[in-house]
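This report covers one predicted protein model. It deals with single loop residues, salt bridges, cavities and confidence.

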Amino acid sequence: MTVVAPTGTYRELLDRVFDDELRGWVDEAEATAHFPRRLIEKLGAAGVFAEKWGDATTPDIGKLVALSFALGRLGSAGIGVGVSLHDSAIAILRRFGGRSETLRAVAEAAIAGEAVLCLAASESSGGSDLQIAQTSITPRDSGFRVHGHKKFVSLSPIADHILVVARDTSADGSAAHGNVALVLVPTRDVTVNAPWDKAGAAPLDTASVEIDTWVPADHLIGRPGTGLAMVSWGLAHERLSIAGQVAAACEMVLGVTVARMQDRTQFGSTLFDHQALRLRVADLYARVEMLRLSLHGVAAAGRLDVRTASALKVTAARLGEEVMGECMHIFGGSGYLLDETPLARWWRDMKLARVGGGADEVLWELVAAGMRPDVDGYRRFADSIS
């Protein structure tokens, strides 16, 4: 793992790149419900991805967190998650695609913003259980035939390449689990259907994809049996980014809400003067601050692992949903009106955090797998209990 470097210069880069032009694209994307490809192109051309990755096969965690906070402050889950998905696909190719010149070239093009990547994992029959993927990969003519249907593929309408999770059925077609592989498929060789109409995160173009194509052998990222581990690595990257985006979004909405409380008068006093409301927001503020400090602690340690990323993401997502709901409530009727405030949009967007990148229950299972019992400590008083 790369040792964390000071991120001050990188934050200055982010401040320059996340300018009024980019924010204008975000506003336009929210209005049109389409992801602006030029945003990824701008981030790549400015060196946002290159500075984060350098020459390493793993990211600078401090810069990963810094980028996630910059994305969260945009106030658009669709944009933030879209960028993190592209970058998570880079993570997979950088770490596992080094033996293929084709995969290395695609990764470098994505880092430069010259290519857009996405990941096709879940299917209508599988949800979070990628071991039962029905999309198949079969050796054929010095390459592979890839065939199947993916239901939720975010960024697919603008992507150049899709990292497809597939299962090798050639050895045992009756096997219901395992043999999961990962392969790069050019988007030009698949059918991308019309984007879904979603409850939130409108700019995150998400569509189903029909795949029936052949790819050369050098497009294989992970052979059967290794695909899940590779996807898990990419998802850890995405989950840490989502946690940072949620923390930044919560800081933003709490700041706006405190200003509203100091401006709005009810029953002869400002909302901030009402102790019940003030202390409720103080509780949320304290927990968001703890989340922020936890993320910076992970950045300082310079380590990214599946369980830590899962724990941070599930904790952040649940806290984020609570923060958005409470702040929307404090805004009252204005918070419910889309024409007056963005509170309702932010509230809807936050729901995605508890589903995208792994639902709460899936992440809790990953955390539970790492729990260790204190057998000796328990034995010291177990006899007296019985």
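Ala 56 counts as partly exposed because its relative accessibility is 22%; the class partly exposed lies between buried (under 20% relative accessible area) and exposed (over 50%), with a 1.4 Å probe and protein chains only. Ala 56 sits in the loop between helix 4 (48–53) and helix 5. Helices here are DSSP runs of H or I with at least four residues, strands are runs of E with at least two, and both are numbered from the N terminus. From Ala 56 to Gly 225 the C-alpha to C-alpha distance is 25 Å, and the two are 169 residues apart in sequence.

The model is predicted: local features need pLDDT of at least 70, side-chain atom pairs count only at pLDDT 80 or more, and totals for chains, interfaces and linings use all residues. Residues are numbered from 1 along each chain as its sequence is written, and side-chain values use heavy atoms, with hydrogens and water left out.

**Backbone at two alanines**

Most residues other than glycine have a negative phi, and most peptide bonds are trans. Ala 33 has a positive phi, near 60°. Ala 33 lies in the loop between helix 2 and helix 3 and is partly exposed at 29% relative accessibility. Ala 201 is not a glycine either, and its phi is positive at about 50°. The loop that holds Ala 201 runs between strand 6 (191–192) and strand 7 (206–216). With a relative accessible area of 1%, Ala 201 is buried.

**Salt bridges**

Side chains of opposite charge can pair when their charged atoms come close. A salt bridge is counted when a side-chain nitrogen of Lys or Arg is within 4 Å of a carboxyl oxygen of Asp or Glu. The structure contains 21 salt bridges. Three of them are tabulated below.

| Pair | N to O distance | Separation in sequence |
|---|---|---|
| Asp 19 and Lys 42 | 2.9 Å | 23 residues |
| Arg 38 and Glu 28 | 2.8 Å | 10 residues |
| Arg 292 and Glu 251 | 3.5 Å | 41 residues |

Asp 19 is in the loop between helix 1 (8–17) and helix 2 (20–32), while Lys 42 is in helix 3. Asp 19 is partly exposed at 25% relative accessibility, whereas Lys 42, at 17%, is buried.

Helix 3 also holds Arg 38, and its partner Glu 28 belongs to helix 2. Arg 38 has a relative accessible area of 35% and is partly exposed; Glu 28 is partly exposed as well, at 41%.

In the remaining pair of the table, Arg 292 comes from helix 9 (residues 275–301) and Glu 251 from helix 8. Glu 251 is partly exposed, with a relative accessible area of 29%. Apart from these pairs, Arg 318, Glu 321, Lys 351, Arg 354 and Asp 360 are joined into one network by salt bridges that share partners.

**Cavities**

Rolling a probe the size of a water molecule over the atoms shows where empty space is left. A cavity is a set of points, on a 1 Å grid over the protein atoms alone, where a 1.4 Å probe fits but cannot get out; lining residues have an atom within 4 Å of a point. Grid points are joined across faces, edges and corners, and the volume is the space filled by probe spheres set on the points. The count is 2 cavities of 30 Å³ or more.

The largest cavity holds about 60 Å³ of space. Among its lining residues are Leu 85, Ile 92, Leu 119, Val 231 and Glu 238. Helix 6 (77–96) and helix 8 (227–263) are the elements that give two or more residues to this lining. By class, the lining has 6 nonpolar, 2 polar and 1 charged. Ala, Val, Leu, Ile, Met, Phe, Trp, Tyr, Cys and Pro count as nonpolar, Asp, Glu, Lys and Arg as charged, and the others, Gly among them, as polar.

The second largest cavity has about 30 Å³. Its lining residues include Lys 52, Asp 87, His 237 and Ser 241. Helix 5 gives the most to this lining, with 3 residues. The lining divides into 3 nonpolar, 3 polar and 2 charged.

**Confidence**

The protein chain has an average pLDDT of 91, and 95% of the residues score at least 70; pLDDT is the predictor's confidence in each residue, from 0 to 100. Among the elements, the mean pLDDT is lowest in helix 14 (residues 375–385), at 82, and highest in helix 3 (residues 37–46), at 97. Over residues 1–6 the pLDDT is below 50. Where pLDDT is low, the predicted coordinates should not be read in detail.

Definitions and conventions: Contact means heavy atoms within 4.5 Å. On a 1 Å grid over the protein atoms alone, a cavity is a set of points where a 1.4 Å probe fits but cannot get out, and a pocket is an open set with protein on both sides within 12 Å along at least five of seven lines; lining residues have an atom within 4 Å of a point.
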